[in-house]
Structures are given as C-alpha cells and as structure tokens.
Amino acid sequence: MHADEQAVRALLATWIGAVNAGDLNHLLTLMTDDAVFLCPGQPPFGKEGFPKGFTEGHRLYQLRCTSEIEELYLIDDLAYTVCRDTLTLTPREGGETMILAGNRLTIYRKQADGRWLLARDAHTLT
C-alpha cells in the first residue's frame, strides 16, 4: 500500500475516533481552513460553522459512528474516499436510539508539510 494511501486511511480512522470521542479540537486540526461540509437539508457550511452542530449533537446524543471505505483514489495532492457510514444516536436524556446510514464522499488535500487534511465532505445519512 502506498504511503499516501496509508496516510488517508489513518486520517479517516483518526477522524472517526475523534467524532466518537467528541473531540472537537482534534477534528478542527484535521480539516483545511477552507473545508466545506454538505449535509442533507442544510446549506453548505465551512470550518467556522462546524463546531456549533458538532457540539450540539454531542450535547443531545451519545454518538457512535462507523465508516467503511468502499473506494479510495489518489490523484497527485488530492484524494477522495467513498464510505458507507452508520451513525447511532442515543439520546442522553432517554428515548429511542436512532440509526442513520448512508454514503459519504470526502475529498482530502495534501499539505506542503506532507499531512493530509479533510477539505470537502458530503454525506447522505438518513
């Protein structure tokens, strides 16, 4: 496996681990400053809009995300993955657990220092 492919796979695993841990500060270091997120039923938002939704989600729910890579392609300093994701949301104040599932397309950009960061992310979790 090519070193860049390993790095992208490691970034995705680190991302999912930080999501599950509720580690917003770590997530912010894993995305480019111009990152864009596309989520069903919402207008696109950037890195500056990420903390609000993430924090609110973790306040209301215990989250458990899994992500399985179905495709991974590298093109020079860009890479993309298509993943099958499952998100389990357990209300912190009681109630029924919800399970969302769908696909995610993520674009990563290699930085001048060799690190890969998330640059664009779109999902169909419903």
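1. Asp-4 counts as buried, at 15% relative accessibility. The cut-off for that label is under 20% relative accessible area. Note that the structure is a predicted model.

2. Asp-4 is found in helix α1. Leaving aside residues up to four places away in sequence, Asp-4 touches Leu-74, Lys-110 and Trp-116.

3. Helix α1 comes up again with helix α3, which spans residues 50-60. The buried residues of α3 pack against α1 (3-21) and α2 (24-29), and also against the strands β1 (31-38), β2 (45-46) and β3 (61-75).

4. Which residues of helix α3 are buried? They are Phe-50, Phe-54, Gly-57 and His-58. These residues lie on the same side of α3, because they cover an arc of only 95 degrees around the axis. In general, an α-helix has 3.6 residues a turn, so residues three or four places apart point the same way.

5. The face of α3 turned away from the buried side should be read together with the previous point. That face carries Lys-52 and Arg-59, both exposed.

6. On the surface, Tyr-73, Ile-75, Leu-78 and Ile-107 make a nonpolar patch of about 340 Å². One of these residues, Leu-78, sits in strand β4 (residues 78-91). Is Leu-78 buried, partly exposed or exposed? Its relative accessible area is 37%, so Leu-78 is partly exposed. Patch residues need over 30% relative accessible area, and the 37% of Leu-78 is given above.

Notes: Residues are numbered from 1 along each chain as its sequence is written. This is a predicted model: local features need pLDDT of at least 70, side-chain atom pairs count only at pLDDT 80 or more; totals for chains, interfaces and linings use all residues. Side-chain values use heavy atoms; hydrogens and water are left out. Patches are made of residues with over 30% relative accessible area and no salt bridge: like charges are joined within 9 Å, nonpolar side chains (Val, Leu, Ile, Met, Phe, Trp, Tyr) within 5 Å. Accessible areas come from the Shrake-Rupley method with a 1.4 Å probe; for residues, only the protein chains shown count as cover. A salt bridge is a side-chain nitrogen of Lys or Arg within 4 Å of a carboxyl oxygen of Asp or Glu. Helices (H or I, at least four residues) and strands (E, at least two) are DSSP runs, numbered from the N terminus. Buried means under 20% relative accessible area, exposed over 50%, partly exposed in between (1.4 Å probe, protein chains only). The arc is that of the directions from the helix axis to the C-beta atoms. Contact means heavy atoms within 4.5 Å.
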